[in-house]
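Welcome! Here is a short, friendly briefing to read with the structure open beside you. Take it one topic at a time, and find each residue as you go.

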Amino acid sequence: QDPLPKSMLRKYLAYAKQYCHPTLSLEACRIIQEFYLELREKGSSCDSTPITTRQLDSLIRLAQARAKIELREIVSEDDAKDIVSLMKDTLLDAYTDESGSVDYGRSGGMTMAKLCKAFIVQLKRAMRKYDRGRFTMEQLKEEARAIKILHQIPDFREFIDVLNQQAYLLKKPNGMYQCNSY
């Protein structure tokens, strides 16, 4: 048995969507602002991913959704505290590195296609920077480490083999690999 019939839940959500448009109270603004500034401060180190207004927008939307589900027009201080707690539990635990810096590259959510693309872009950068056309397996690992994706690749040799099969990398004699430039 559902605690609330599905038809009633649908009507409730439709009503909330149409008639409830919460705005932030001053207390909620202060809490969200302090947390956002804390995130920006932690994300300002040279190695970590910068925190943008996109994260601030997310905090605001979550707080508004929290108030909306209770059909309130004002986002309360408690709503903001709940959202900050939620964000701390999910984002900071998942994305904080050993030094305490926020690093979204630590996420396991990057698709293999995105990993491949990011890796090839990095290799092309390295080719220009070091005026190098070929890489050893260890140099390939270093480039993956440089963009913080190495930990997301379960089997690095298999990853390189896939790139070779797809003609992004060309296997050369003596265990060297060349980035295909097309």
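Phe 135 has Tyr 177 as its bridge partner in strand 5. Keep in mind that this is a predicted model. The strands that Phe 135 and Tyr 177 help to join run antiparallel, with two bridges between strand 3 and strand 5.

**The sheet**

- Three strands make up an open sheet in the order 3-5-4, and their pairing is antiparallel.
- Why do strand 3 and strand 4 each have one side without a neighbour in the sheet? Strand 3 (134–135) and strand 4 (169–172) are at the edges and each has a single partner strand, so one side of each stays free of a neighbour in the sheet.
- Strand 5 covers residues 176–179, and four bridges connect strand 4 to strand 5 in an antiparallel arrangement.
- Across that pairing, Lys 172 is found opposite Met 176 of strand 5.
- In a regular strand, side chains alternate between the two faces of the sheet.
- You can follow this along strand 5: Tyr 177 and Cys 179 point to one face and are buried, while Met 176 and Gln 178 point to the other face and are not buried.
- Helix 7, made of residues 156–165, lies across strand 4 and strand 5, and runs at about 105° to strand 4.

**Two residues with a positive phi**

- Which residue takes a positive phi in the hairpin of strand 4 and strand 5? Asn 174 does, with a value near 65°, and this hairpin has three residues between its strands.
- Asn 174 is not a glycine, yet its phi is positive.
- With a relative accessibility of 78%, Asn 174 counts as exposed.
- Lys 148 is not a glycine either, and has a positive phi of about 60°.
- Look for Lys 148 in the loop between helix 6 (137–146) and helix 7.
- Lys 148 counts as partly exposed, at 24% relative accessibility.

**A buried alanine**

- Is Ala 126 buried or exposed? Ala 126 has a relative accessibility of 3% and counts as buried.
- Ala 126 belongs to helix 5, which spans residues 112–130.
- Setting aside residues up to four places away in sequence, Ala 126 touches Asp 131, Phe 135 and Glu 143. You have already met Phe 135 as the bridge partner of Tyr 177.
- Ala 126 and Gln 139 are 13 residues apart in sequence, and their C-alpha atoms are 10.0 Å apart in space.

**Salt bridges around Arg 66**

- Side chains of opposite charge can pair when their charged atoms come close.
- How many salt bridges does a search of the whole structure find? The search finds nine.
- Arg 66 is partly exposed, with 26% relative accessible area.
- One partner of Arg 66 is Glu 70, and the closest N and O atoms of this salt bridge are 2.9 Å apart. Glu 70 is partly exposed, with a relative accessible area of 42%.
- Arg 66 also forms a salt bridge with Asp 79, where the closest N and O atoms are 3.5 Å apart. Arg 66 is in helix 3 (residues 53–68) and Asp 79 is in helix 4, so this pair ties together parts that are 13 residues apart in sequence.
- Asp 82 forms a salt bridge with Arg 66 as well, with the closest N and O atoms 2.7 Å apart. Because Asp 82 lies in helix 4 and Arg 66 in helix 3, the pair ties together parts that are 16 residues apart in sequence.
- Through shared partners, salt bridges join Arg 66, Glu 70, Arg 72, Asp 79 and Asp 82 into one network.
- Within helix 4 (residues 77–95), you will find Asp 79, which is buried at 1% relative accessible area. Asp 82 counts as partly exposed, at 35% relative accessibility.
- Apart from neighbours within four places in sequence, the contacts of Asp 79 are Ala 63, Arg 66, Ala 67, Arg 72 and Ile 74.

**A nonpolar patch**

- Which residues make the nonpolar surface patch of about 420 Å²? The patch is made by Leu 4, Met 8, Leu 9, Leu 13 and Ile 69.
- Leu 13 sits in helix 1, residues 6–19, and is partly exposed, with a relative accessible area of 42%.

Conventions:
Residues are numbered from 1 along each chain as its sequence is written. This is a predicted model: local features need pLDDT of at least 70, side-chain atom pairs count only at pLDDT 80 or more; totals for chains, interfaces and linings use all residues. Side-chain values use heavy atoms; hydrogens and water are left out. Two strands pair if DSSP finds at least two bridges between them. Contact means heavy atoms within 4.5 Å. Axes are lines fitted to C-alpha atoms, for helices over the stretch in contact, and angles run from 0 to 180 degrees between N-to-C directions. Patches are made of residues with over 30% relative accessible area and no salt bridge: like charges are joined within 9 Å, nonpolar side chains (Val, Leu, Ile, Met, Phe, Trp, Tyr) within 5 Å. Accessible areas come from the Shrake-Rupley method with a 1.4 Å probe; for residues, only the protein chains shown count as cover. A salt bridge is a side-chain nitrogen of Lys or Arg within 4 Å of a carboxyl oxygen of Asp or Glu. Buried means under 20% relative accessible area, exposed over 50%, partly exposed in between (1.4 Å probe, protein chains only).
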